[in-house]
Protein chains: 2
Amino acid sequence: MAKNEKQFVKELTDREDDFSQWYIDLVRKTGLADYTMVKGCMVIKPYGYALWENVRDPLDRRIKDTGHQNACFPLFVPQSLLLKEAEHVQGFAPECAWVTRAGSEELEEPLAIRPTSEAIIGSIYADWIHSYRDLPVLINQWANVVRWEKRTRLFLRTTEFLWQEGHTCHRTAEEAQAETMKMLEVYREFLETELAIPAVAGVKSAAERFAGAQETYAVEALMSNGWALQAGTSHNLGQHFAKAFDIKFLDEDNTEKFVWQTSWGVSTRLIGGIIMTHSDNSGLRLPPRVAPYQVVIVPVMFGKDKDAPTLEKTDKIAKELKAAGVRVTVDTRDNVKPGFKYNEWEMKGVPIRLEVGPRDIEKGQVVLVNRLNREKHFTPEAEMTAKVKALLEEIQAGLLKHALEYRETHTTRVRSYDEFKETLESPGGFVVGAFSGDAEAENRIKAETKATLRCYPLSQPEDAAGPCFITGKPAGKVAYFARAF
Amino acid sequence: MAKNEKQFVKELTDREDDFSQWYIDLVRKTGLADYTMVKGCMVIKPYGYALWENVRDPLDRRIKDTGHQNACFPLFVPQSLLLKEAEHVQGFAPECAWVTRAGSEELEEPLAIRPTSEAIIGSIYADWIHSYRDLPVLINQWANVVRWEKRTRLFLRTTEFLWQEGHTCHRTAEEAQAETMKMLEVYREFLETELAIPAVAGVKSAAERFAGAQETYAVEALMSNGWALQAGTSHNLGQHFAKAFDIKFLDEDNTEKFVWQTSWGVSTRLIGGIIMTHSDNSGLRLPPRVAPYQVVIVPVMFGKDKDAPTLEKTDKIAKELKAAGVRVTVDTRDNVKPGFKYNEWEMKGVPIRLEVGPRDIEKGQVVLVNRLNREKHFTPEAEMTAKVKALLEEIQAGLLKHALEYRETHTTRVRSYDEFKETLESPGGFVVGAFSGDAEAENRIKAETKATLRCYPLSQPEDAAGPCFITGKPAGKVAYFARAF
């Protein structure tokens, strides 16, 4: 092993030693993102942003395919607007960044930088909506938002982050509820299909509800340290904001009514979810469907005069794969050893490494290496593209399978609080128990164990009913608990 | 004409009566954008945002095809960073919005919301770049920026706007200059190909230079009222920011050097450019390549029981066109008359209207109406898709041709200041004269005529040299002057 290689691998903290440091190492050393001199704000570097684009685009397609359109609303929320919905302002005012000055002039009214856009969008919808014919309004925006967080962690909790926020208005409560559930399912399916993240869809408790919502639903994923990550939320806002912002319409029966609203969003924290679901001690393992590069080609090089045929072949291979829609990069650096390159691209999570050298050219083959199991496939050149595509699908499916297996072995049904606490320590993960919904008990659990109620899953087990595992009161359903990011 | 129709058409101000009001009417009544309660900030509505997406995506492709990657840098610029480059802070400080408070806590250092990102990106690049092997850095970001403008106009000048900003670092001055010119040409070609806007590429005078740049280049388009619009800029930043932010690298010769930088951007004001280049008194005329809908299908409807076969046919046609990659919308509203629909979609600038009714179905035809000349094409169904595609190309080419003709008849070479002033009044447009570059003369022209020096075009006429039209001094080249947005 060259000196370079050893140093390189040494740079990653072991996941088992310090999960949190392992995560930060991965984010920074793979070039996904980094801290900046602006407190709590990250820079998403090109490799991380390409990953975000590959997450964003297939979700954007789903949002459009379900009848929504994108728009762009102002970054600023005047203080008076934010104050209109009481719960909302309580929830968000402590986290708001305020613009108080422009040029050299003090503003008459401070402007919050949107922590979320219900207030500004609500005030605008009030102008747009007059008749039942104006409904439904089905709009999404991709935007940056700012929440002044005390403790930040790259991608998972940053002062500024990127997200999409859907904001819809409907004629009836039923339509709003149907929309809420539709988008929850869009998120669940999207996470599973594109990110290979199996998520539990469910409804939140009152304590974990979005500030101002009537009901909050979420997709909850399980990270590889046994902690949960709220990966997306879908809120039925009822008429809370409609009443606060006076969003009314004249219905067909000629009476004036308030609209029924929903909002829903996912953010750049999904990148954190991808990392913490799939990666190992050698680095990232990116799902092929979203990986910036699906294949890295590493030509075996010997020195300038001998490499011309190899580089020519490399070029040809890259072109062929690109033409087939495969995202490819080529590493022709001559100042690092092959082993260094292998480690680096492994750390960066590229699903397939393709090696090609003079001996392979002689044999008319390429070598494909699977990032998950390091299996080598000596593949005849004629079969290369088909084999690459098959391997990419295999890797995508393999990641989902691993994540599902992990979740299954880390989801435990408990019947008592003692069992709950034991399980939380080992094996950790989702701890599932019949729960009466008692707010005091929920608080006690959080205070004593740091586990929170992640959701009441939509899909309840047959034996969900029974005595609540902590209060002993009758409970009609189970709840998922976990420590969470 | 139904009552509705008259009211509808009446709503648009005539371009000849009041260009400015005509423009605002168009933006608002076609659903592109609107004002909000946040001073100077607009909401880009779904129709406008779809147009922006169609502008953004082909430009993003070009930016990537020329070797750049996207990233995302912080929204905030700490005051101390902004102060580091003297010209830069002078140019932008008066327009900055300042965050001074977060939650209930006063910040130790105010944070500007980025008016442009040279300062924050420069400070980050200083951390990233160490060796000549780290160069070039070729990064772009799509972002929102904020400039506190006194007078705003939808899309053309708003407090918050969307843009892309490229920021690159190079090893040599020559490379930076080559990059500056490459991106200028990318913009020029993009404007011409995608937006059907013929733009003049040239270099700015010192007075019009970007604050902190060594040289600013721009693409200047001519709007249909004879005013110019700066459609995009490409700056050679030299080493100004590198020195201010200490962006150094160790070169191959083992000496430490400052990098050479460029930055370049276009913004949502391009939407304004599209509107003011192509539209007429009936409304928008959108270039097919960027139009949110390229075809609107209006079925001829008679009443619920009779319309089933027509709607079925409409469906089939829409599917066929969509499958061929045509962006289609269908207007099946039953509460407005066909004439109203025709006017509305004409106003919204959809390139082709497709009418189909029972008589057309009988004849196996559809009727295609060209937005530019209102020509009707009775087209056999079997030829529909091919004809639609051909018409879209014809319309795209037609818009560019009109715009070019307008520019040619509104570009006038002058030899004296009197001639200059006369020409500026009529026909207006670009007034071109040999110019010595005298700053005082440039100032005088601006003060006396409100025309500004748009650029010294890259492509100079053969007889460019001669006495300066205003000072009489020897001049080596011509400059384009115009009143401008």
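Chain A can be superposed on chain B with an RMSD of 0.0 Å by a turn of 180 degrees and a shift of 0.0 Å along the axis, the fit being a least-squares one on the C-alpha atoms of residues with pLDDT of at least 70 in both copies. The two copies are thus related as by a two-fold rotation axis. The same surface serves both copies, as 98% of the contact residues of chain A recur in chain B; residues are in contact if their C-beta atoms, placed from the backbone, lie within 7 Å. Of the residues of chain A, Val99(A) comes closest to the rotation axis, at 2.1 Å (C-alpha).

The model is predicted, so that local features need pLDDT of at least 70 and side-chain atom pairs count only at pLDDT 80 or more, whereas totals for chains, interfaces and linings use all residues. Residues are numbered from 1 along each chain as its sequence is written, and chains are lettered from A and ligands numbered from 1 in the order in which they are written.

In chain B, the peptide bond from Leu135(B) to Pro136(B) is cis, with omega near -5 degrees. Pro136(B) is located in the loop between helix H6 (118–128) and strand S7 (137–146); helices (H or I, at least four residues) and strands (E, at least two) are DSSP runs, numbered from the N terminus. The bond from Ser426(B) to Pro427(B) is also cis, with omega near 5 degrees.

Ala196(A), although not a glycine, has a positive phi of about 55 degrees. With 26 C-beta neighbours inside 10 Å, Ala196(A) counts as buried (20 or more other C-beta atoms, placed from the backbone, within 10 Å of its own; exposed, 12 or fewer; partly exposed in between).

Terms used
Two residues are in contact if their C-beta atoms, placed from the backbone, lie within 7 Å.
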